[in-house]
Amino acid sequence: MKGKPKKKVTHLRKKKSLPFYLIAKPTSPTERQQNREILEMAEKIRFEKEQLAMTHYPNENPVIHLAFLFCLYAGLRFCDVKDLTFAQVDFSNRFLRFNQVKTAGHSSASWVNMLLSDTHLKLMGEPENGDKSQLIFPLPSHTMCLKALRHWTTRAGIEKHHTEKYTRAVDSLKREAIDSLPDISF
């Protein structure tokens with residue numbers, strides 16, 4: 001998508017936190033309303049992800065673009081994604097295993113084992129010259145990434161901060177495969 005977005009995304013979120021689960025058999029009007037709100041939020045976030053994937057701007061850094069989309073679709077923190085190498089990926093079994101930066105050394109559950117979808121593999125690409133020690137996303141400094149992300153989300157018409165963990169939780173509610181990423185062209 002070049003230029004301004006066709007639809008502006010705005011959020012009127014309430015101060016209270018919405019739970020990240022759907023009630024299987026809602027019995028009260030309150031439970032039905034809660035399910036409706038969660039599904040509406042999931043649709044808005046899905047729309048934003050698709051809009052971000054299609055939004056480009058002049059002189060953008062394609063690695064930042066791919067890394068942030070990977071964060072959104074995988075539900076991983078930036079600090080974990082910036083240090084990922086191809087050695088941590090088992091392409092034949094579509095599996096990623098790494099130690100979380102935030103909890104490493106503090107928790108016995110800091111290792112993450114994650115199945116990779118077609119979208120994840122497409123965003124990661126393959127190592128150049130078969131060198132598995134290279135970074136998947138060789139990113140510039142954290143400050144440069146934040147600056148690019150602010151520019152990119154503004155260009156996409158999104159006026160809020162994205163939280164990758166929240167996005168992943170909402171995606172899991174819908175029980176959808178994540179293989180619907182639009183083609184990314186540079």
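## Aromatic pairs in the model

Trp152 is buried, with a relative accessible area of just 2%; keep in mind that this is a predicted model. So what does Trp152 pair up with? Its partner is Phe68: the two ring centres are 5.7 Å apart and the planes meet at 75°, so this pair counts as edge-to-face. Anything over 60 degrees gets that label. Phe68 counts as buried too, at 10% relative accessibility.

Along the chain, these two partners are distant. Phe68 is in helix H2 (residues 62-74), Trp152 is in helix H5 (residues 142-156), and 84 residues separate them.

Next up is Phe70, which pairs with Phe137: here the centres are 5.5 Å apart and the planes sit at 50°, so the pair is tilted. Phe70 lies in helix H2 while Phe137 belongs to the loop between helix H4 (118-124) and H5, so this pair ties together parts 67 residues apart in sequence. Phe70 is buried, at 0% relative accessibility, and Phe137 is buried as well, at 2%.

Here are the two pairs side by side:

| Pair | Centre distance | Plane angle | Geometry |
|---|---|---|---|
| Phe68 and Trp152 | 5.7 Å | 75° | edge-to-face |
| Phe70 and Phe137 | 5.5 Å | 50° | tilted |

How many aromatic pairs does a search of the whole structure find? It turns up 3, and the pairs described here are among them.

One more ring is worth a look, this time with a charge as its partner. The charged end of Lys49 sits over the ring of Tyr73, at 4.3 Å from the ring centre.

Note on methods. Residues are numbered from 1 along each chain as its sequence is written. This is a predicted model: local features need pLDDT of at least 70, side-chain atom pairs count only at pLDDT 80 or more; totals for chains, interfaces and linings use all residues. Side-chain values use heavy atoms; hydrogens and water are left out. Rings of Phe, Tyr and Trp (its six-membered ring) pair if their centres lie within 6.5 Å; planes under 30 degrees apart count as stacked, over 60 as edge-to-face and the rest as tilted. Helices (H or I, at least four residues) and strands (E, at least two) are DSSP runs, numbered from the N terminus. Buried means under 20% relative accessible area, exposed over 50%, partly exposed in between (1.4 Å probe, protein chains only). A charge sits over a ring if NZ of Lys or CZ of Arg is within 6 Å of the ring centre and within 35 degrees of the ring normal.
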